[in-house]
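Got your viewer open? Here's a walk through one model, selection by selection, with a note on what to look for at each stop.

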Amino acid sequence: MKKIVIRAGKERSLERRHPWVFESSVARGNADAGETVRVESAEGAFLCWAAFSPQSQIRLRAWSFEEGQRIDAAFFRQRIDRALAVRARLPIASDALRLIHGEADGLPGLIVDRYADTLVAQFLSSGAERWKPVIADHLLAATGLSRLYERSDAQVRELEGLPQTTGWLRGEGATEVTISEHQWHLTLDVAEGHKTGYYLDQRDNRKKFADTVRQYGCQSVLNCFSYTGGFSVAALAGGAEEVVSVDSSAPALARATAHVALNGFAPALHRALDADVNATLRNFLKEGRQFDAIVLDPPKFAPTAAHAERAARAYKDINRLGLRLLKPGGVLFTFSCSGGISPDLFHKIVAGAGLDAQADGFILDRVGATPDHPQTICFPEGEYLKGLLILKS
């Protein structure tokens, strides 16, 4: 087994069971991409077993902190079984859920989602890539399914020195899938949809939005960065009589329109607007439009903390416009999925937007990802999705 030695003083994060070691913390040692290595302190003490990534700034991703642990096929089968057992205990009102959430499930670089009878996996690190056949075979054996589609097309693969890869890893057939979520039906294409096909992490927030629209009697709803209209369907389910979905993707909006019909709502209640969100918000202000409820669920403006300053301006701008368009007594669901924006910073950004908009409001709730996208106490970077539910005063 090859050995990697950590610089003196850089072992503390591993001792706290944080799974990442950056290139600058490595004193010496080398290995092949994805190879399991023994990681030791400068004094020679065992720290962890980890996967080595020679081209990534995250040079090591820990598999286990137990010295007696063997990193073999049985290890991956056990980790997969453990992740599935946790999901089986969660109250998930859907046949679509995240089965494996990377570091939180002790499998760094591996994302696995289930959409009805189809699994979709992302192998995002050299370590996960190296064990792909073992992982794929056991995922199907453990779930009893026969189809596994690979969506290893995220840009992070390039940082690992890995090519982007998509296609059927096991099984074959149509990539269009219909799922149920709460009392709704939604469709997606696992080959073409964002991420692995859909944003499962917002499942419970969509239900909360439906309940909020109903509770506060919201009739007019603006859903920004709507993608395929999950929040739009939720708004209609909550009793809204006018829903506007804004996105810059015509195919996503076509699916949003189809979702309205699929769930039995009158097409006249929904308007799909293929346009830039910021320009649309400004146009609505010029027109004097206002809404009872607004959803702001933008893409990742800040992938890392290094992008936070520029992203903060973008988040502030859309929230300022959203608060100005919101009627007094209206509700704003505003989100950030950027790992580089902390919950505290996001709150400050929205507060600054409120000052600029000369608007205030009560924070009714702070929300995050669904429990099948867990965050562990040793890996705070896992808290990527954060949201505020605000009642405008």
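Strands here are DSSP runs of E with at least two residues, and helices are runs of H or I with at least four, numbered from the N terminus. One caveat before you click: this is a predicted model.

**Stop 1: two loops with positive phi**

With that naming in hand, select Ala-116, which sits in the loop joining strand 8 (110-115) and strand 9 (118-123). Its phi is near 55°, a positive value in a residue other than glycine. Buried or exposed, what is Ala-116? Buried: its relative accessible area is 18%, and the cut-off for buried is under 20%.

Now jump to Arg-17, in the loop between helix 1 (12-15) and strand 2 (20-22). Arg-17 also has a positive phi, about 65°, although it is not a glycine. At 40% relative accessibility, though, Arg-17 counts as partly exposed.

**Stop 2: helix 7 and its partner**

Select residues 230-237, which is helix 7. How many of the residues of helix 7 are buried? Eight of the eight, so this helix is largely enclosed by the rest of the structure. Show side chains and you can tick off the buried set, including Phe-231, Ser-232, Val-233 and Leu-236.

Add helix 6 (residues 203-215) to the selection: the axes of helix 6 and helix 7 come within 7 Å and cross at roughly 35°. The crossing is right-handed. On the helix 6 side, the contact is made by Asn-205, Arg-206, Phe-209, Ala-210, Val-213 and Arg-214. Facing them from helix 7 are Gly-230, Phe-231, Ala-234, Ala-235 and Ala-237. Colour this contact by residue type and you get seven nonpolar, two polar and two charged.

Next, look just past each helix. Helix 7 is followed by Gly-239, with a positive phi near 105°. Gly-217 is in the loop between helix 6 and strand 14, and is partly exposed at 40% relative accessible area. Draw a distance between the C-alpha atoms of Gly-217 and Gly-239: they are 22 residues apart along the chain and separated by 7.5 Å.

**Stop 3: the cores**

Zoom out a little to the largest nonpolar core, which has 42 residues. Which residues have the most contacts inside it? Select Tyr-115, Ile-179, Tyr-198, Phe-209 and Val-221. Among the elements that give two or more residues to this core are strand 12 (176-181), strand 13 (184-189), helix 6, helix 8 (250-262) and strand 20 (386-392). Helix 7 gives the most, with six residues.

Centre on Tyr-198 for a local view. Setting aside residues up to four places away in sequence, Tyr-198 touches Tyr-115, Ile-179, Glu-181, Leu-186, Leu-188, Arg-206, Tyr-227, Thr-228 and Gly-230. A second, separate core has 31 residues, among them Leu-222, Val-246, Ala-311 and Leu-323.

**Stop 4: Phe-225**

Select Phe-225, in the loop between strand 14 (220-224) and helix 7. Phe-225 is buried, with 19% relative accessible area. Leaving out neighbours within four places in sequence, pull up its contacts: Val-246, Asp-247, Val-277, Asp-297, Pro-298, Pro-299 and Ile-318. Try the distance to one of these: Phe-225 and Asp-297 are 72 residues apart in sequence, yet 5.7 Å apart C-alpha to C-alpha.

**Stop 5: Arg-271**

Go to strand 16 (residues 270-274) and pick out Arg-271. Arg-271 is partly exposed, at 41% relative accessible area. Again ignoring neighbours within four places in sequence, its contacts are Val-243, Val-244, Ser-245, Phe-284 and Arg-289. Its C-alpha is 9.7 Å from that of Leu-222, 49 residues away along the chain.

**Last stop: helix 11**

Finish on residues 343-357, helix 11. Why would you expect a span of 21 Å for its 15 residues? The rise is 1.5 Å a residue, and the expected span multiplies that by one less than the residue count. The end C-alpha atoms are 21 Å apart, which agrees.

Then highlight the buried residues of helix 11: Phe-346, Ile-349, Val-350, Gly-352, Ala-353, Gly-354 and Ala-357. They pack against helix 10 (308-325), strand 18 and strand 20. Step off the end of helix 11 and you reach Gln-358, where phi is positive, near 55°.

Notes. Residues are numbered from 1 along each chain as its sequence is written. This is a predicted model: local features need pLDDT of at least 70, side-chain atom pairs count only at pLDDT 80 or more; totals for chains, interfaces and linings use all residues. Side-chain values use heavy atoms; hydrogens and water are left out. Axes are lines fitted to C-alpha atoms, for helices over the stretch in contact, and angles run from 0 to 180 degrees between N-to-C directions. A crossing is left-handed if the near helix is turned anticlockwise from the far one by less than a right angle, and right-handed if clockwise. Contact means heavy atoms within 4.5 Å. Ala, Val, Leu, Ile, Met, Phe, Trp, Tyr, Cys and Pro count as nonpolar, Asp, Glu, Lys and Arg as charged, and the others, Gly among them, as polar. A nonpolar core is a set of buried Ala, Val, Leu, Ile, Met, Phe, Trp, Tyr and Cys residues joined through side-chain atoms within 4.5 Å. Buried means under 20% relative accessible area, exposed over 50%, partly exposed in between (1.4 Å probe, protein chains only).
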